[in-house]
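Open the model in your viewer and show side chains as sticks. We will go from one selection to the next.

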Amino acid sequence: MRGRIQQFMRGRYGFDELSRMYLVMTIVLMILSMFVKNRWIYLLGLVLLVYCYYRAFSKNLEKRRQENQKFCNIRYQSAVKWNTWKQHQEQKKIYRFYKCPQCKQKVRVPKGKGKICITCPKCRTEFIKKS
């Protein structure tokens, strides 16, 4: 039996990160449809499940790889933004953040120093702000 499955899947794309995300979304929608009693949520879950298996059994390997790569890039960018936001929130207690009036670069200065002259590290523009 294992050999038959391997023979069937030879040349097909299989499951990747995007497929796993679709499967998790399907499970969430199916569970949600049990409590909400809405057939549209259930149908959406079924459609998502069918599309997930369509991707897994597809022989168009390059297109599926590109779809997964786009998903991974978006997931990575959102993780980077989340971590940046989290660090910014932690540093708000100690530092003040200003944007350079010329190039819009974010500049971090320590709090409680009074009026200071800030030099942008990117464009070397000087501007005065209260810290």
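Which residue caps the N-terminal end of α2? Select D16. This is a predicted model, and in it a side-chain oxygen of D16 lies 3.4 Å from the backbone nitrogen of L18. That makes D16 the cap of α2.

**Stop 1: helix α2**

Now select α2 itself, residues 17-36. The helix has 20 residues. From first C-alpha to last it reaches 28 Å, close to the 28 Å expected at 1.5 Å a residue.

Colour its buried residues: L18, S19, Y22, T26, L29, M30 and S33. Look down the axis. These residues sit on the same side of α2, because they cover an arc of only 115° around the axis. They pack against α3 and α4. Turn to the other side of α2 and you find V24, I27, M34 and F35 exposed.

Step just past the end of α2. There K37 has a positive phi of about 60°.

**Stop 2: helix α3**

Select N38 next. This residue caps the N-terminal end of α3, with a side-chain oxygen 3.0 Å from the backbone nitrogen of W40.

Extend the selection to residues 39-57, which form α3. Its end C-alpha atoms are 27 Å apart. The 19 residues should span 27 Å at 1.5 Å a residue, so the two values agree.

Pick out the buried residues of α3: I41, G45, L48, C52, R55 and A56. They cover an arc of only 100° around the axis and therefore lie on the same side of α3. What covers them includes α1 (2-9), α2 and α4 (61-91). Now rotate to the face turned away. R39, W40, V47 and V50 are exposed there.

**Stop 3: the cores**

Select L18, Y22, L29, I41, L48, C52, F71 and C72. These eight residues make up the largest nonpolar core. Helices α2, α3 and α4 each supply at least two of its residues.

Centre on L18. Beyond its neighbours within four places in sequence, L18 is in contact with R55, E67, N68 and F71. Apart from this core lies another, of seven residues, including Y98, V109, C120 and F127.

**Stop 4: salt bridges**

How many salt bridges does the structure hold? There are four.

Go back to D16 and add R55. Their closest N and O atoms are 3.1 Å apart, in a salt bridge. The pair links distant parts of the chain: D16 is in the loop between α1 and α2, R55 is in α3, and 39 residues separate them. Are the partners buried or exposed? D16 has 6% relative accessibility, so D16 counts as buried. R55 is buried too, with a relative accessible area of 0%.

Add R64 and E67. Their side chains form a salt bridge at 3.1 Å, N to O. Both residues lie in α4, three residues apart, about one turn of the helix. R64 and E67 are both buried. Keep all four residues on screen: salt bridges that share partners join D16, R55, R64 and E67 into one network.

Last selection: R65 and E62. They form a salt bridge too, with the closest N and O atoms 2.7 Å apart. R65 and E62 are three residues apart in α4, so about one helical turn separates them. R65 is partly exposed, with a relative accessible area of 41%. E62 is also partly exposed, at 41%.

Key: Residues are numbered from 1 along each chain as its sequence is written. This is a predicted model: local features need pLDDT of at least 70, side-chain atom pairs count only at pLDDT 80 or more; totals for chains, interfaces and linings use all residues. Side-chain values use heavy atoms; hydrogens and water are left out. Helices (H or I, at least four residues) and strands (E, at least two) are DSSP runs, numbered from the N terminus. The expected span of a helix is 1.5 Å times one less than its number of residues. Buried means under 20% relative accessible area, exposed over 50%, partly exposed in between (1.4 Å probe, protein chains only). The arc is that of the directions from the helix axis to the C-beta atoms. Contact means heavy atoms within 4.5 Å. A polar contact is a pair of N or O atoms within 3.5 Å; within protein, one must be able to donate a hydrogen and the other to accept it, and residues adjacent in sequence count only if both atoms are side-chain atoms. A nonpolar core is a set of buried Ala, Val, Leu, Ile, Met, Phe, Trp, Tyr and Cys residues joined through side-chain atoms within 4.5 Å.
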